[in-house]
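I am opening a notebook page for this structure. The entries below record what I looked up, in the order I looked.

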Amino acid sequence: MMRALPILLVLAFGALRARAAGAQGCLAVEGERVTAGDLAPILPALSSLPADTEVGYAPVPGTRRFYHAPELHRLAMRYNLVLNAAGEICIERAMEPLAPQRVIDAMRTALGNPEARIEIVELSRYPVPRGEIQFARATLLARGATPALWRGFIRYGSQSRFAIWARVKITVRSTRIVATKNLPAGHRIEAAQLRVEECEIFPVNQPTLSLDQVLGLVPRRSITSGAVLAASLLDVPNEVERGDVVQVEVRSGAARLLLEGRAQASGRRGDAIPIRNLTTGKRFSARVADKDRVVLTAVLPSRAKDISQ
């Protein structure tokens with residue numbers, strides 16, 4: 001016993017403080033593990049240990065962990081310390097209210113637009129762990145004038161997440177392409193048929209179209225004057241239309257043979273369409289390569305001759 005006296009730490013005062021802490025509330029810790037430095041304000045004897053000495057896992061946010069007297073004594077024995085008073089310690093994660101401005105800043109980061117106008121209509125009311133607020137654009141669910149539900153999370157610790165949500169009204173400055181005339185389906189769009197307008201819109205997931213991206217495309221169906229053009233309404237035009245006279249390039253190894261044919265169907269680059277030889281009337285299939293040009297490849301010399309005659 002005399003040998004233990006130099007390392008005997010009588011913690012009657014510490015135990016009283018522990019009971020007081022239990023009465024007033026829990027000790028809040030920041031990290032994923034409880035350290036000697038966390039407990040030292042309540043148990044001063046632990047200040048003799050390095051502050052980063054791990055003594056256990058911290059509870060998940062929103063829950064509490066209690067160190068009861070037997071566990072405290074086992075902890076003391078592990079580090080050659082002795083407790084002579086009963087008591088318990090309550091531990092919880094450090095939590096804080098969710099700050100609206102931090103949420104708005106995180107949303108602007110997710111949108112990639114620091115000028116986005118964001119109004120929070122409703123926000124998670126419960127406290128959250130301290131960490132980085134993150135939102136993903138893909139989780140912005142609703143569109144239009146009604147508040148949109150946007151789910152995000154707090155990244156805390158090394159790999160942990162704490163779910164949060166908000167209902168928001170969001171607008172961003174953008175441009176849109178508007179038809180100034182009726183646009184028939186299948187006809188290439190020209191600059192004289194369009195105007196560019198500046199507007200404030202809800203941030204949609206699909207990219208905003210520019211004038212250069214629209215010119216030369218064709219409507220999939222007729223678009224009326226005054227309508228806003230969207231990518232879903234447009235398509236790439238055919239390089240070959242049914243009835244067009246096309247140049248046919250027949251490839252057989254290193255040999256090349258050119259002839260003219262008439263397209264029996266419409267097609268875009270890469271499509272295989274039927275062609276009729278203008279001289280012989282024979283039909284064959286060739287792949288669209290460019291405007292009014294098709295290619296027939298990997299045929300035997302005898303087959304190439306048969307197509308051309």
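Entry 1, the disulfide. I looked up which cysteines are joined, and found a disulfide from Cys 26 to Cys 90, with an S to S distance of 1.5 Å. This is a predicted model, and I read the distance as a value of that model. The structure holds one disulfide. About the S-S bond I get 45°, and the link of Cys 26 and Cys 90 is right-handed. The pair ties together distant parts of the chain, 64 residues apart. Cys 26 sits in the loop between helix H1 (12–24) and strand E1 (27–29), while Cys 90 belongs to strand E5 (residues 89–93).

Entry 2, burial of the cysteines. Are Cys 26 and Cys 90 buried or exposed? I find that both are buried. I also checked Cys 199, which counts as buried because its relative accessibility is 11%, under the 20% cut-off.

Entry 3, Ile 91. I stayed in strand E5, where Ile 91 lies. Its relative accessibility is 0%, so I log Ile 91 as buried. Which residues does Ile 91 touch, leaving out those up to four places away in sequence? My list has Cys 26, Leu 27, Val 29, Val 34, Leu 39, Pro 59, Thr 63, Arg 64, Arg 65 and Tyr 67. Cys 26 of the disulfide is thus among the contacts of Ile 91. I also noted the C-alpha separation of Ile 91 and Ala 58, which is 7.3 Å with their positions 33 residues apart along the chain.

Entry 4, a surface patch. I looked for nonpolar side chains on the surface and noted a patch formed by Val 196, Leu 211 and Leu 215. Together they have about 210 Å² of accessible area. I placed Leu 215 in the loop between helix H5 (211–214) and strand E13 (218–219). Why does Leu 215 count as partly exposed? The reason is its relative accessibility of 33%, which falls between the 20% and 50% limits.

Entry 5, confidence. I noted an average pLDDT of 84 for the protein chain, with 84% of the residues scoring at least 70. Among the elements of the chain, helix H4 (residues 100–111) has the highest mean pLDDT, 96, and H1 the lowest, 38. Over residues 1–24 the pLDDT stays under 50. For that stretch I logged 30 contacts beyond four places in sequence. The loop with Cys 26 comes between H1 and strand E1, and I keep the low mean pLDDT of H1 on the page beside it.

Key:
Residues are numbered from 1 along each chain as its sequence is written. This is a predicted model: local features need pLDDT of at least 70, side-chain atom pairs count only at pLDDT 80 or more; totals for chains, interfaces and linings use all residues. Side-chain values use heavy atoms; hydrogens and water are left out. A disulfide is a pair of cysteine sulfur atoms within 2.5 Å. Helices (H or I, at least four residues) and strands (E, at least two) are DSSP runs, numbered from the N terminus. Buried means under 20% relative accessible area, exposed over 50%, partly exposed in between (1.4 Å probe, protein chains only). Contact means heavy atoms within 4.5 Å. Patches are made of residues with over 30% relative accessible area and no salt bridge: like charges are joined within 9 Å, nonpolar side chains (Val, Leu, Ile, Met, Phe, Trp, Tyr) within 5 Å. Accessible areas come from the Shrake-Rupley method with a 1.4 Å probe; for residues, only the protein chains shown count as cover. pLDDT is the predictor's confidence in each residue, from 0 to 100.
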